Every structure is written in structure tokens, then in C-alpha cells.
Protein chains: 2
Amino acid sequence: MPAPLLSRDAVVDRLLGAFRRYGYAAASLGELSKATGLGRSSLYHYFPGGKEEMARAVFDRVDQWAQEAVFAPIRGTGTPERRLSQVIAALDTYYAGGAEACLLGNLVVGDARTLFQDKLSAAFHQLMDGLAQLAREKGIPERDAQQRAEDAVVRIQGALIVSRGISDPAPFRRVLKRLPQNLLG
Amino acid sequence: MPAPLLSRDAVVDRLLGAFRRYGYAAASLGELSKATGLGRSSLYHYFPGGKEEMARAVFDRVDQWAQEAVFAPIRGTGTPERRLSQVIAALDTYYAGGAEACLLGNLVVGDARTLFQDKLSAAFHQLMDGLAQLAREKGIPERDAQQRAEDAVVRIQGALIVSRGISDPAPFRRVLKRLPQNLLG
DNA sequence: GTCTATAATAGGATAGAC
DNA sequence: GTCTATCCTATTATAGAC
């Protein structure tokens with residue numbers, strides 16, 4: 001039995017790269033095989049459920065990342081401004097400064113949306129709730145805090161689309177830069 | 001020779017519906033055939049270049065719609081507020097109150113992005129320039145007008161993603177409602 | 001755990017009848 | 001202008017060797 005070339009997490013990370021580049025439907029097993037360096041059959045060894053199971057594993061991995069890089073800072077210590085700046089740094093890295101697409105944003109298209117709608121809805125709501133918490137701590141009233149948080153997520157998603165549409169990361173950079181003022185100011 | 005069942009424009013409209021639902025890669029000829037009610041071969045009669053030519057025709061049709069429903073009002077008469085409200089009404093209809101996805105937003109994913117990058121970039125820039133023009137007419141300085149216009153497009157795109165992600169059109173409705181204040185106020 | 005081989009299906013595209 | 005029939009390729013998935 002040959003030793004595994006990649007840990008399961010490493011495989012999932014590479015799958016994530018493919019799904020966020022191509023979306024769900026267009027991420028063929030050939031692409032996923034190329035992205036991971038594994039043959040198609042090896043992918044079925046890790047994920048007997050095929051592509052859907054791969055996507056669910058990727059989803060869980062992103063959720064795990066978000067817990068560590070986004071929600072842990074949000075629940076951490078320090079001023080809201082300081083904790084938000086940690087979140088922004090994490091987002092900037094995750095999205096490679098606006099060059100990489102959002103997995104969630106790609107999964108709202110086509111049949112993937114119905115396939116993953118529960119997880120999608122939960123992920124968006126969790127992110128908005130987390131950001132709203134920071135705004136509340138600044139003394140912003142509940143209603144306003146929620147809407148600022150929604151606006152922040154809307155802007156991040158939109159900036160990724162526009163930045164890719166015009167092949168220029170500037171809109172994404174501007175959105176991140178203004179996020180502290182828009183959410184907490 | 002049987003008479004055409006649908007005008008070419010009608011065919012393209014139905015193709016638009018399929019491309020905005022599924023994106024480019026996942027809009028298979030089977031789906032496009034079902035959406036138009038035409039057999040695969042009939043689609044090749046209209047579009048000898050296959051799926052890419054279909055998508056380009058859809059792109060041109062959306063551009064034509066934008067000229068009439070967005071850019072004509074922008075260049076029209078009346079106060080900037082009044083002209084913007086015409087644009088917002090057109091966007092609300094086009095996106096079905098947030099229920100329908102954006103063709104442009106779907107085409108920035110995967111290989112479609114490189115395939116259509118020139119048209120994508122031009123379309124986004126044209127829309128931002130048009131909205132910036134309205135802001136300038138309100139006396140907003142050039143730099144600020146441009147960034148407000150970019151922010152407006154960012155918010156619209158992002159709201160479509162979030163609304164679909166949480167299966168709730170409220171974020172899209174809120175963005176349209178606040179657009180006058182955010183762009184011109 | 002990885003591979004080659006293979007099956008079955010769906011995809012894009014073309015030819016030709018009517 | 002539309003259809004059926006067809007071709008070729010790509011795709012998903014499985015079987016079995018090592």
C-alpha cells in the first residue's frame with residue numbers, strides 16, 4: 001500500500017482552489033484530478049460520494065478556516081477596531097487581494113445553489129451575525145448594526161465580482177480599506 | 001421550409017434566461033435546447049459558432065437592453081434623481097427584484113472570464129461611467145463620483161449574490177432603495 | 001493509496017432528410 | 001427552419017491489479 005502523497009486536508013485545499021476558480025458544475029473530475037495531482041480513482045478513494053462529497057468537504061474546510069481566521073478574532077479580546085483589522089487581514093489573504101473568487105459566491109449559481117442551499121444560507125448568516133456583533137460593541141443600535149454587517153458582506157461579494165470583471169483588484173482593495181469606517185465608524 | 005417558431009430575438013431572450021441561471025459552462029446544449037424549445041440542430045442554424053456564439057448574442061442583447069433601459073435615461077432629461085429612479089426601476093425589473101442572477105456576474109467565473117474578458121470589462125466600465133455621470137451632475141467632484149459609481153455597481157452585484165445565498169431578496173431591495181442616497185446624496 | 005482499464009452516459013458539433 | 005441520426009470527445013463512475 002503506497003503512502004499517501006498528500007494529507008486529506010492538503011487534497012481538500014487543492015480542491016478548494018479548483019472549485020473557487022471554476023464553480024461547481026464546471027469543476028470536472030479532470031480538473032480536480034489535475035489540481036490535486038491525484039488520479040480520478042484516487043479521488044474516489046477519498047470521496048466515495050464523488051464530486052458532491054468533494055464540494056461538501058471543501059465547504060467544511062472553509063468553515064473551519066472561517067472559525068479560526070474570522071470568528072475567533074471576532075470573539076477575541078481587544079477593541080472592535082483591532083479585531084476587525086484581524087478579520088480584514090484574513091479576508092485579504094483568503095481572497096489573494098481580490099484575485100481569487102469566493103467559494104460561496106460560486107456556489108449560488110445553477111444547481112449547486114439548491115444542492116448546498118442550507119450550508120450557503122447558514123454561512124452567509126453566520127458571517128453577517130459576526131460582523132454585526134462588532135458593530136454592536138461599538139454602541140451601534142441592533143438594527144443599524146445588522147444592516148451595516150449585511151452591507152459589508154454585500155460589498156465584499158460585489159467587489160470580488162467587479163474586480164474580476166474588470167481584471168483589476170482595486171475595487172476589492174478599496175472595499176477592505178473602507179470596511180472599518182463603514183462597519184464601525 | 002417550416003416557418004420560424006420564434007424570432008431570433010425571442011430565442012436569444014430564452015438563452016439569456018438559461019445562461020444567467022446556470023452560468024456559461026453549466027448551460028449545456030440540452031438546457032439551451034429545453035429553454036428555447038428548439039432542437040440542438042436548430043440552435044446551430046441560428047448560431048453556427050455553437051455555444052460561444054450563443055453567449056455572445058446574449059451579451060449583445062443585454063448590451064442593447066442596457067442602452068435603452070439604462071444609458072438612455074442617464075443621458076436623458078430631468079433631474080439626476082429622476083433619471084436614476086428610471087435606471088433603478090429598470091434594474092429591479094431586469095433582476096426580477098433580486099430573484100434572477102446577473103449575466104455579467106456569472107460570466108466572470110471559470111474559462112468564460114477569459115473568453116469574454118473584453119466585453120465584461122467594457123460593460124462594467126460603461127455602467128460605472130454612466131452612474132458617475134449622474135453623480136457629477138449633482139456637483140460631486142470627479143474622484144468621489146467615480147468611487148460612488150463603483151460602489152453602486154459593487155453593491156448591486158454583491159446584493160444579488162447575498163440575496164441568492166440566503167434565498168431572500170431583501171438585501172437586493174435594500175441596496176436599490178438606498179442607491180439614490182448613496183450615489184447622489 | 002494509487003494506478004490502468006473500462007463502462008456508461010452526457011456533452012458539443014455535423015450531415016442530411018424534409 | 002426544424003428534425004433525426006450520427007460522430008467524437010469528455011465526463012462520471014467502477015473494477016481490479018499492485
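At what angle do H4(A) and helix H8 of chain A pack, and how far apart are their axes? In this predicted model, H4(A) and H8(A) (residues 117–137) pack at an angle of about 5 degrees, and their axes lie 11 Å apart. Axes are lines fitted to C-alpha atoms, for helices over the stretch in contact, and angles run from 0 to 180 degrees between N-to-C directions. Helices (H or I, at least four residues) and strands (E, at least two) are DSSP runs numbered from the N terminus.

The model is predicted, with local features requiring pLDDT of at least 70 and side-chain atom pairs counted only at pLDDT 80 or more, while totals for chains, interfaces and linings use all residues. Residues are numbered from 1 along each chain as its sequence is written, chains are lettered from A and ligands numbered from 1 in the order in which they are written, and side-chain values use heavy atoms, with hydrogens and water left out.

H4(A) and H8(A) are therefore roughly parallel to each other. Angles under 35 degrees count as roughly parallel, over 145 as roughly antiparallel, 65 to 115 as roughly perpendicular and the rest as oblique. On the H4(A) side, the contact (heavy atoms within 4.5 Å) is made by Arg56(A), Phe59(A), Asp60(A), Asp63(A), Gln67(A), Val70(A), Phe71(A) and Ile74(A). On the H8(A) side, Lys119(A), Leu120(A), Ala123(A), Gln126(A), Leu127(A), Gly130(A), Leu131(A) and Leu134(A) take part. By class, this contact of H4(A) with H8(A) has 9 nonpolar, 3 polar and 4 charged residues. Ala, Val, Leu, Ile, Met, Phe, Trp, Tyr, Cys and Pro count as nonpolar, Asp, Glu, Lys and Arg as charged, and the others, Gly among them, as polar.

H8(A) also packs against helix H9 of chain B (residues 142–165), at an angle of about 125 degrees and with the axes 8 Å apart. H8(A) and H9(B) are therefore oblique to each other. Gln117(A), Leu120(A), Ser121(A) and Phe124(A) of H8(A) meet Ile161(B), Val162(B) and Gly165(B) of H9(B). This contact of H8(A) with H9(B) has 4 nonpolar, 3 polar and no charged residues.

DNA strand D is surrounded by 16 residues, the closest being Leu29(A), Tyr44(A), Leu5(B), Ser41(B) and His45(B). A residue is near a molecule or strand if one of its heavy atoms lies within 4 Å of it. Of the strand D atoms within 4 Å of the protein, 58% belong to sugar or phosphate and the rest to bases. Polar contacts are pairs of N or O atoms within 3.5 Å; within protein, one must be able to donate a hydrogen and the other to accept it, and residues adjacent in sequence count only if both atoms are side-chain atoms. A polar side-chain atom of Ser41(A) lies 2.9 Å from a base nitrogen of DNA strand D. Phosphate oxygens of this strand lie 2.9 Å from a backbone N or O atom of Gly39(B) and 2.8 Å from a polar side-chain atom of His45(B). Two or more residues of the surface near DNA strand D come from each of H3 (40–46) and H4 (50–74) of chain A and H3 (40–46) of chain B. H3(B) gives the largest share, 4 residues. By class, the surface near DNA strand D has 7 nonpolar, 7 polar and 2 charged residues.

Around DNA strand C there are 16 residues, of which Leu5(A), Ser41(A), Leu29(B), Ser41(B) and Tyr44(B) are the closest. Sugar or phosphate accounts for 59% of the strand C atoms within 4 Å of the protein, and bases for the rest. A backbone N or O atom of Gly39(A) lies 2.9 Å from a phosphate oxygen of DNA strand C. Side-chain N or O atoms are 3.2 Å from a phosphate oxygen of this strand in Ser42(A) and 3.3 Å in Tyr46(A). H3 of chain A, together with H3 and H4 (50–74) of chain B, are the elements giving two or more residues to this surface. H3(A) gives the most, with 4 residues.

Ser167(A), in the loop between H9 (142–165) and H10 (170–184) of chain A, has a positive phi near 50 degrees although it is not glycine. Ser167(A) is partly exposed at 45% relative accessibility; buried means under 20% relative accessible area, exposed over 50%, and partly exposed in between (1.4 Å probe, protein chains only). Ser167(B), in the loop between H9 and H10 (170–184) of chain B, has a positive phi of about 55 degrees.
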